[in-house]
Amino acid sequence: MVFRKPPDGGWGWVIVVVSFFTQFLCYGSPLAVGVLYLEWLDAFGEGKGKTAWVGSLANGIGLLASPVCSICVSSFGARPVAIFSGFMVAGGLMMSSFAPNIYFLYVSYGIVVGLGCGLLYTATVTITCQYFDKHRGLALGLISTGSSVGLFIYAALQRELIELYGLDGCLLIVGALSLNILACGSLMRPLESSNSPPPEKTCVDKVPDQYFVYHEKEKTVEENISILEKGYIDEKCVNNVPDCKQDSILNKSVLSSININEKDTYKKKVVEQTNLCKQLAKRKWQLYLTYWKETMVLFKNKVFSALFVAILLFDIGGFPPSLLMEDVARSANISEDDYYMPLISIIGIMTTVGKLILGILADFKWVNTLYLYVTTLLMTGVALFAIPFAKSYLTLAMLSGILGFLTGNWSIFPYVTTKTVGIEKLTHAYGILMFFAGLGNSLGPPIVGWFYDWTQEYDTAFYFSGFCVLLGGFLLLLAALPCWNACTNQSSKLPPNTYSYKVASNA
């Protein structure tokens, strides 16, 4: 498939709008799952650690499966994947309303909804990049705010729906709203060139066609022989019965000799196809070896190794507040009358502000994006340490706003990765980092919940979270110091025939 030059406008702005609403509709409920988390605790009576797995899977499974999501979009296109994923998200949410236990939710909400969100994110990012070149940063920035706006609105919406219709009714209505993803997906018109000639087939693709042509020729000869044989036998049988029997015996011997030749031809084809399969397997094996060689080269870079540890620890410690902050307020005996706005909504709107402001700062030449990212990590660790001391709605709201703003550092993470490994290795490195980010998203909330189950208070849990984020920040700062520049700049070149995966991220 050959794409035209990105128009940087026109129908591309329609793509931006529908991609924004797609992320809004698919990520709204999973990111605001903290509201549902309280209801699931009361409904199933399970521990906080076990219940937290539902939300953590929904947010982490899309990152963990990002290579699979990219392959699906590359193979089938953004529009079919978006429509299919819309059914997944809506179906998973509706199925969750009938969940008899927490284990059912692991599949319906955690895996089905989470995987659907991962596919939709990859589809929206891919189709947007196809339509934009000069204004690609602006377009991607606009669509990425859809998830943050969804978190802001869905936190209040789900709370209101639970009060009016209960938990089951809330999930059914939210699932019905997600069906609007189908309308958004149908507008994701692929950018294809209708006048461009089809690409030439490779040698590997041509071989099966030769086999099919050869097979058709053999079949044609076989049919002609059978037709002639049948007409000859019928004519003889009408005129003379004994001759008919003799000719039948003769024809059987002729056909047996033909069958022997066919067996020899078939054996030759089997040998040829076997050799072809061996060549394909050898080629794939070489590609996998090249991929792992590239990976080992990346990890020789000290800053990249520190960045991999930092993103893992950041998601283990920094993601739980967006899921558990409502339960933290309830554990602190804060009255619902004091609530002016759900804490998760505050996190959502401040994440949007953080993405925009930090993204603008990253564009200034005098700003070192790596040090800016380290600063956000250290400030996040300090804010997490302050959560156990917050005993009122006002202080929790302030900390939620600070944490939400700092979580907006997702917008500068691609800049940091590019600065660390270079643009030519960005796709490969970013895929590895996003996998470990998904692992951190999946493990963080359950670990904090287990701490609460063991100690019956959140203080130790958030001390642990703050320590994880601070540790990752200090390790990255140590690796980024100027004294390590000589080491990091001496990374060896990638092997020839670079083979890298295109992996999407979560924002």
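In this predicted model, the charged end of Lys-48 sits over the ring of Tyr-452, at 4.5 Å from the ring centre. A like arrangement involves Arg-189, whose charged end sits over the ring of Trp-11, 4.2 Å from its centre.

Aromatic rings also meet one another in this structure, which holds 18 aromatic pairs. One of them joins Trp-40 and Tyr-109, whose ring centres lie 5.3 Å apart with the planes at 75°, and because an angle over 60 degrees is the criterion, the pair is edge-to-face. This pair links distant parts of the chain, since Trp-40 belongs to helix H2 (residues 33–44) and Tyr-109 to helix H6 (residues 102–131), 69 residues apart. Trp-40 is buried, with a relative accessible area of 2%, and Tyr-109 likewise counts as buried, at 0% relative accessibility.

Another of the pairs is formed by Phe-451 and Phe-464, and this one is tilted, with 5.0 Å from centre to centre and 40° between the planes. Phe-451 lies in helix H17 (residues 426–455) and Phe-464 in helix H18 (residues 459–480), so the pair ties together parts that are 13 residues apart in sequence. The two partners fall into separate classes of accessibility: Phe-451 is buried, with a relative accessible area of 17%, whereas Phe-464, at 26%, counts as partly exposed. The cut-off for burial is under 20%, which is why Phe-464 is not counted as buried.

The two pairs are set out below.

| Pair | Centre to centre | Angle between planes | Class |
|---|---|---|---|
| Trp-40 and Tyr-109 | 5.3 Å | 75° | edge-to-face |
| Phe-451 and Phe-464 | 5.0 Å | 40° | tilted |

Aromatic residues also gather in a group, in that Phe-20, Phe-21, Phe-24 and Tyr-154 form one aromatic cluster.

Tyr-109 appears again in the largest nonpolar core, which has 124 residues; Leu-36, Tyr-109, Leu-343, Tyr-373, Tyr-458 and Leu-476 are the ones that touch the most other members. Helix H6 supplies the largest share of this core, with 13 residues, and the core draws at least three residues from each of domain 1 (1–194) and domain 2 (301–488). In soluble globular proteins, nonpolar side chains tend to be buried together.

The surroundings of Leu-476 can be given in detail. If its neighbours within four places in sequence are left aside, Leu-476 is in contact with Val-303, Ala-306, Leu-307 and Ala-310, and also with Leu-370, Tyr-373, Val-374 and Leu-377. Among these partners, Tyr-373 is itself listed with Leu-476 among the core residues that touch the most other members.

Key
Residues are numbered from 1 along each chain as its sequence is written. This is a predicted model: local features need pLDDT of at least 70, side-chain atom pairs count only at pLDDT 80 or more; totals for chains, interfaces and linings use all residues. Side-chain values use heavy atoms; hydrogens and water are left out. Rings of Phe, Tyr and Trp (its six-membered ring) pair if their centres lie within 6.5 Å; planes under 30 degrees apart count as stacked, over 60 as edge-to-face and the rest as tilted. Helices (H or I, at least four residues) and strands (E, at least two) are DSSP runs, numbered from the N terminus. Buried means under 20% relative accessible area, exposed over 50%, partly exposed in between (1.4 Å probe, protein chains only). A charge sits over a ring if NZ of Lys or CZ of Arg is within 6 Å of the ring centre and within 35 degrees of the ring normal. A nonpolar core is a set of buried Ala, Val, Leu, Ile, Met, Phe, Trp, Tyr and Cys residues joined through side-chain atoms within 4.5 Å. Domain bounds come from an automatic or database domain assignment. Contact means heavy atoms within 4.5 Å.
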